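Visitor: I would like to look closely at one part of this structure, and I would be glad of a careful, connected explanation.

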Amino acid sequence: MKHSFLIICLVTTMAQDMLAQHHSNTSNHKQEKTTIPDFNHALLLETRLDTTANVSVGDLDGDGHLDILLVKGRHWPIADRVLLGDGAGGIRKAYNLSNISDRSYAGGLADFDGDGFLDVAVSNDAPDKKLIYLNDRKGNFTIGSEFGQPEWSTRNLSIADINGDGFPDIILANRGDVGRTANNICLNNGKGQFGADCISFAPYPATTIATADFNKDGFVDLIVPHRDSGQSYIYIGSQDHAYTDNYRIPFGPADATIRVAAAADFNGDNLPDIVTVDEYKGVHLYFGQKDQSFSAGISLADAKVVPYALTIADLNNDHKPDIIVGHIKASSTIFFNDGTGRNFKAVSFGDAKGTVYGFGIGDFNEDGIPDIAVARSEAENVLYFGHTKAKNKK
């Protein structure tokens, strides 16, 4: 019998959930009017300026309210932080994930050991160990396992059940030298334990890998954007979960420098599309086509303001995926989707400090409107609360 598990990771779970929700609700909401929220009200999550690399969102202590994991370090050893939410938009307690300071890039949340509570997988740059932290069911964490090799130049991770055994596995994006690096899949043994013997695939540098099922065969496909001037591919999943170069689909330019890619159905044709942020080319959308190829890129924004972070969420509750982009030394941008995938209303929020490295989306004050947690390097980490005038009148 398969074990159910919870996953809260970079952009992929939310995107896939919205795909299903969008198609099941489209007919009921065609005439529904929606109000675009603003994100003018903010809460500083910390006052210190760190090299924060990412933020993850989930209920870590089992009280029914959303909490935050701030992952810190990148190339410099810093302790990761847990921030427990109070359900009203405040932080009631904050503490270090552990007493270890390391070069962290991402903290994926999932129930790795099957006890019903969210655990943490932390991806670290070389030479630090990549670590699984198990939850004591109260939001306190102890090391349960290592995964992968410390010498890998790992950036972000994503989480999915690769081999279909009901347990969450880990996909690592490694940014090594071109021609001398590969990305890796580390399989869960069913007890929240991993090893160094991982599956190598996609022999080129990446900083993020997203998941989707493009051909709807029930197997996880992996979106691997090229980070350092090369061709990006989708690696198609199969029963043997080998992810070989013989079974992959190209997307985007042949000289891509994509930091993040994510998938959702932006135009309502029941085919997953891909959105990317490329620090030299800007923000582009690639439409999925019936022959499983992808269209040429449609530009949503150029790179005059350098894009660096990306996630997908339905921020105005219209059952259509919107795009959130973070930048280097510029305010962030939400691209509100009208459902065609070709018309977006761009709305800026936040200040121009630092570099945005990641987003976490959730309703922290439980008012029915999604909020945005922003992880920044060389600037404060901030929680922006969604607000609409219509909500105010109720």
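How many disulfides does the count come to, and what can be said about the surroundings of that part of the chain?

Guide: The model in front of you is a predicted one, and in it the count comes to 1 disulfide. A disulfide is a covalent bond between the sulfur atoms of two cysteines. Here the bond joins cysteine 186 to cysteine 198, with the two sulfur atoms 2.1 Å apart. The pair links distant parts of the chain, for cysteine 186 lies in strand E13, which covers residues 183-186, while cysteine 198 sits in the loop between E13 and strand E14 (199-201), and the two are 12 residues apart. If you look along the bond, the link of cysteine 186 and cysteine 198 is right-handed, with 100 degrees about the S-S bond.

Next, consider how far the two partners are covered by the rest of the protein. Cysteine 186 has a relative accessible area of 0%, so it is buried. Cysteine 198 has a relative accessibility of 15%, and because the cut-off for buried is under 20%, cysteine 198 counts as buried as well.

From cysteine 186 we can step across to leucine 172, which has its place in strand E12, made up of residues 169-174. Leucine 172 and cysteine 186 are 14 residues apart in sequence, and their C-alpha atoms are 7.9 Å apart in space. Leucine 172 is itself buried, with a relative accessible area of 0%. When residues up to four places away in sequence are not counted, leucine 172 touches Cys186 together with Asn183 and Asn184, and it also touches Phe147, Trp152, Thr154, Asn156, Leu157 and Ile209.

Some of these names lead on to another residue, lysine 130, which lies in strand E9 (residues 130-135). Leaving aside neighbours within four places in sequence, the contacts of lysine 130 include Phe147, Trp152 and Thr154, and these three residues are also among those that leucine 172 touches. Lysine 130 is buried and yet has no salt bridge, since the nearest side chain of opposite charge, that of aspartate 125, is 6.2 Å away. Because a salt bridge requires the nitrogen and the carboxyl oxygen to be within 4 Å, that distance does not qualify. The side chain of lysine 130 does, however, reach the backbone oxygen of glutamine 149 at 3.5 Å, and a polar atom of that side chain lies 3.1 Å from the backbone oxygen of tryptophan 152.

Lysine 130 can be set beside charged residues that do find a partner. Side chains of opposite charge can pair when their charged atoms come close. In this model the count comes to 18 salt bridges, and one of them is formed by arginine 103 and aspartate 128, whose closest N and O atoms are 2.9 Å apart. Arginine 103 lies in the loop between strand E6 (91-96) and strand E7 (104-110), whereas aspartate 128 lies in the loop between strand E8 (119-124) and E9, so the pair ties together parts that are 25 residues apart in sequence. Arginine 103 is partly exposed, with a relative accessible area of 21%, while aspartate 128, at 14% relative accessibility, counts as buried.

Elsewhere, Glu46, Arg48, Asp50, Lys72 and Arg81 are linked in a network of salt bridges. Within that network, aspartate 50 meets arginine 48 at 3.0 Å, N to O, and aspartate 50 also meets lysine 72 at 2.9 Å, N to O. Aspartate 50 and lysine 72 belong to distant parts of the chain, aspartate 50 being in strand E3 (residues 50-58) and lysine 72 in strand E4 (residues 67-72), 22 residues apart. Both partners are buried, aspartate 50 with a relative accessible area of 7% and lysine 72 with one of 1%.

Finally, we can step back to the whole chain, whose secondary structure comes to 2 helices and 29 strands. The radius of gyration is 19 Å, close to the 21 Å that the globule rule gives for 394 residues, so the chain is as compact as a globular protein of that length. Buried residues make up 58% of the 394 residues, and among contacts with a separation of 6 or more, residues 24 or more positions apart account for 49%.

Key. Residues are numbered from 1 along each chain as its sequence is written. This is a predicted model: local features need pLDDT of at least 70, side-chain atom pairs count only at pLDDT 80 or more; totals for chains, interfaces and linings use all residues. Side-chain values use heavy atoms; hydrogens and water are left out. Helices (H or I, at least four residues) and strands (E, at least two) are DSSP runs, numbered from the N terminus. Buried means under 20% relative accessible area, exposed over 50%, partly exposed in between (1.4 Å probe, protein chains only). Lys and Arg count as positive and Asp and Glu as negative; His and the chain ends are not counted. A polar contact is a pair of N or O atoms within 3.5 Å; within protein, one must be able to donate a hydrogen and the other to accept it, and residues adjacent in sequence count only if both atoms are side-chain atoms. Contact means heavy atoms within 4.5 Å. A disulfide is a pair of cysteine sulfur atoms within 2.5 Å. The radius of gyration is taken over C-alpha atoms; the globule rule is 2.2 Å times the number of residues to the power 0.38.
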